[in-house]
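Here are some exercises to help you find your way around a new structure. Try each task on your own before you read the solution.

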Amino acid sequence: MSEVRKRRFVVTRFDPDRDAEPRSQSYEVPCQPDWKVLDALNYIKDELDPTLSHRWSCRMAVCGSCGMNVDGKPTLTCKQAVDGYGDQIEVEPLSNFPVIRDLVVELEGFLEKLQHVKPWIVRAKEAAVEEGPLRQSPEELERFKQFSYCINCMLCYAACPVVANEPEFLGPAAIALGHRYNLDSRDEGAHERSEIFRGEGTVFSCSYANECSEVCPKHVDPAAAINQAKFEAVIDWATHLVLPRGGR
Amino acid sequence: MKRLLLRLEPIIWLLFGQGILIGTILLTGWVLVVGLLVPLGVVPAEALGYERAHRLGANPIGRLVLLAIAALPLWKGAHHLRSLAIDFGGAHRDALVASALYGIAAVGSLLAIAAVLSL
Amino acid sequence: MARAADPRAMGASRPGRTRTAPPRMPPEFPFAGRYRAYTLFDATGLVYLLLGLLALRLARALAAGPEAWEAAMASFRHPLYLAFHALALVSVIFVGVRFFSLFPKAQPPKIGPLAPPPAPLIKAGLYAAWIGVSAALVAILAGGVF
């Protein structure tokens with residue numbers, strides 16, 4: 001027997017043209033038992049307050065658009081059932097990000113970090129088309145597969161205390177992505193990326209909070225990637241101290 | 001200074017990692033005996049009287065163990081305190097704080113090497 | 001309201017077209033939720049630093065001679081030192097447990113031609129080493145052997 005339950009949503013509002021700083025606004029939402037937090041937000045926008053702005057798209061936890069802080073924790077609102085919460089639910093924009101409006105955060109900084117790690121196959125020399133495609137065995141795929149599951153939802157950035165305090169830090173998703181390519185058997189750019197990992201955005205800034213992996217909805221485990229990347233970066237650094245051209 | 005710190009990060013991280021790994025494994029027994037059991041009298045003081053302590057410490061393995069216990073935790077400590085400082089909004093003075101902390105660890109390590117060599 | 005993050009956190013290299021609200025840290029930071037364990041973990045840095053310095057002091061005392069050594073060992077009987085060492089023991093164990101749970105996944109998939117053993121084996125090995133070395137150290141220091 002479905003029971004509609006009224007819950008209060010305390011939502012952050014911010015209009016740069018009108019508000020000096022973000023404020024809270026409460027909405028009473030009659031929640032269906034099978035609703036996700038996103039359903040409630042869409043109800044607010046459709047029925048209560050059309051001025052509320054929030055990002056969402058696929059409604060099935062693959063696009064990464066709907067990340068927000070729910071009751072203080074970075075969450076994919078399309079994935080999180082309302083049922084797990086109490087009578088009052090707080091919805092805020094993702095932590096550690098500048099806020100454009102209401103629940104919408106600035107993405108540009110994140111995209112810059114992603115691009116910085118060269119997230120593509122780097123070849124010393126491009127193979128000729130006649131040589132056919134680059135082949136990869138299932139075992140070689142397994143090595144990096146987990147780290148390729150990232151949907152760029154940025155929950156890990158919202159959870160990371162280092163991201164909050166060190167603006168240059170590359171951050172979990174970017175490092176995991178770079179590491180994914182380092183582990184890809186088709187890639188030959190590991191040294192370039194190791195230098196990036198030891199540069200301004202240094203992977204060594206990671207201080208083992210492990211929060212990134214705790215909040216990741218796709219079980220990418222960026223903390224594993226970052227700490228593997230640290231080790232690899234040290235090896236790369238040592239190898240190039242002794243053999244300047246990496247033994248080539 | 002910031003560039004220098006960046007260039008030294010790999011080695012600092014290695015020392016920090018060993019500070020946690022080897023340091024923790026060695027410190028548990030050390031703190032238990034030297035910090036608690038002997039001062040509390042549970043273990044008789046003669047067990048670590050000068051004669052015996054010096055014999056253990058001057059042994060090649062003893063020297064290494066003593067060096068590890070004196071030096072490696074300093075790097076773990078320095079690195080974590082630096083993180084703590086940054087976590088509480090200290091990114092702008094990080095170069096200063098890091099230099100001071102790693103400086104203590106470096107000086108301490110050198111003094112430890114000197115002490116262990118003179119046993 | 002959550003603490004302010006660095007104003008440049010997650011900022012773009014060029015400003016956007018509208019004014020943004022400054023980034024805020026995760027609300028549970030630093031002492032709530034899982035961040036409490038994290039902050040404690042960082043704070044153990046102070047304990048380790050002091051432990052290292054105290055061990056250094058002992059090493060130097062040992063090198064200096066019997067009076068210096070006996071004086072240093074005697075000073076550890078002071079209640080403040082005892083309290084510190086009790087806290088230190090708890091801290092070291094806390095660090096060990098947290099670090100050992102992280103260690104297996106931090107291993108690269110391959111070190112040269114060798115793949116690391118499966119995670120449960122690594123963990124078992126770490127704990128075996130921890131307990132084994134601690135027991136050996138206690139036995140040696142407390143006078144049981146050598």
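**Exercise 1. Place one residue in its surroundings**

Task: Find the residues that Arg186(A) contacts beyond its close sequence neighbours, then decide whether Arg186(A) is buried, partly exposed or exposed.

Solution. Set aside the neighbours within four places in sequence; Arg186(A) is then in contact with Ile121(A), Leu134(A) and Gln136(A). Keep in mind that this is a predicted model.

Next, locate the residue along the chain: Arg186(A) sits in the loop that joins α6 (172-183) and α7 (190-197) of chain A.

Then look at a distance across the fold. Leu141(A) is 45 residues from Arg186(A) in sequence, and their C-alpha atoms are 10.0 Å apart in space.

Finally, count the surroundings. Arg186(A) has 14 other C-beta atoms within 10 Å, and a buried residue would need 20 or more while an exposed one would have 12 or fewer, so Arg186(A) is partly exposed.

**Exercise 2. Read the sheet of chain A**

Task: Write down the strand order of the five-stranded sheet in chain A and work out which strands stand at its edges.

Solution. Begin with the order, which is β2-β1-β5-β3-β4 in chain A; the sheet is open and its pairing is mixed. As background, strands of a sheet pair through backbone hydrogen bonds, either parallel or antiparallel.

Now look at the two ends of that order. β2 (23-31) and β4 of chain A each have a single partner strand, so each has one side without a neighbour in the sheet, and these are the edge strands.

For the geometry, neighbouring strands are turned against each other by 35° on average, with direction ignored.

Take one pair in detail: β3(A) and β4(A) run antiparallel to each other and share four bridges. Within this region, Val70(A) has Lys73(A), in β4(A), as its bridge partner.

Last, add the helix. α1 of chain A, residues 37-48, packs on the sheet and touches β1 (5-13), β2, β3 and β5 (88-92) of chain A. The direction of this helix makes about 100° with that of β2(A).

**Exercise 3. Describe how the two domains of chain A meet**

Task: Give the bounds of the two domains of chain A and say how many residues each brings to their contact.

Solution. The domain assignment splits chain A into domain 1 (5-105) and domain 2 (108-242). Their centres, taken over C-alpha atoms, are separated by 30 Å.

Domain 1 of chain A brings 14 residues to the contact and domain 2 of chain A brings 12 residues. On the domain 1 side, the elements that give two or more residues are β3 (67-70) and β4 (73-76) of chain A. The largest share there, three residues, belongs to β4(A).

By class, that side of domain 1 of chain A holds seven nonpolar, five polar and two charged residues.

**Exercise 4. Judge the overall form of chain C**

Task: Count the helices and strands of chain C, then decide whether the chain is spread out or a compact globule.

Solution. Chain C has four helices and zero strands, and its elements run α-α-α-α from the N terminus on.

The radius of gyration of chain C is 23 Å, well over the 15 Å that the globule rule gives for 146 residues, so chain C is more spread out than a compact globule. The C-alpha trace spans about 75 × 45 × 30 Å along its principal axes.

Burial can be added to the picture: 29% of the 146 residues in chain C are buried.

**Exercise 5. Look at what chain B touches**

Task: Find how many residues of chain C and of chain A are in contact with chain B.

Solution. Take chain C to begin with: 46 of its residues contact 51 residues of chain B. α1 (35-64), α2 (66-75), α3 (79-102) and α4 (119-141) of chain C each supply at least two residues of this side, and α1(C) gives the most, with 16 residues. The class count for this side is 34 nonpolar, seven polar and five charged residues.

Turn now to chain A, where the contact with chain B takes 11 residues from chain A and 10 residues from chain B. Here α5 (161-165) and α9 (222-242) of chain A give two or more residues each. The largest share of this side, four residues, comes from α9(A).

Definitions and conventions. Residues numbered from 1 in each chain as written. Chains lettered and ligands numbered in written order. Predicted model: local features only at pLDDT ≥ 70, side-chain atom pairs only at ≥ 80, totals over all residues. Contact = placed C-beta atoms within 7 Å. Nonpolar A, V, L, I, M, F, W, Y, C, P; charged D, E, K, R; others polar. Domains from an automatic or database assignment. Rg over C-alpha atoms; globule rule 2.2 N^0.38 Å. Pairing = 2+ DSSP bridges. Axes fitted to C-alpha atoms, helices over the stretch in contact; angles between N-to-C directions.
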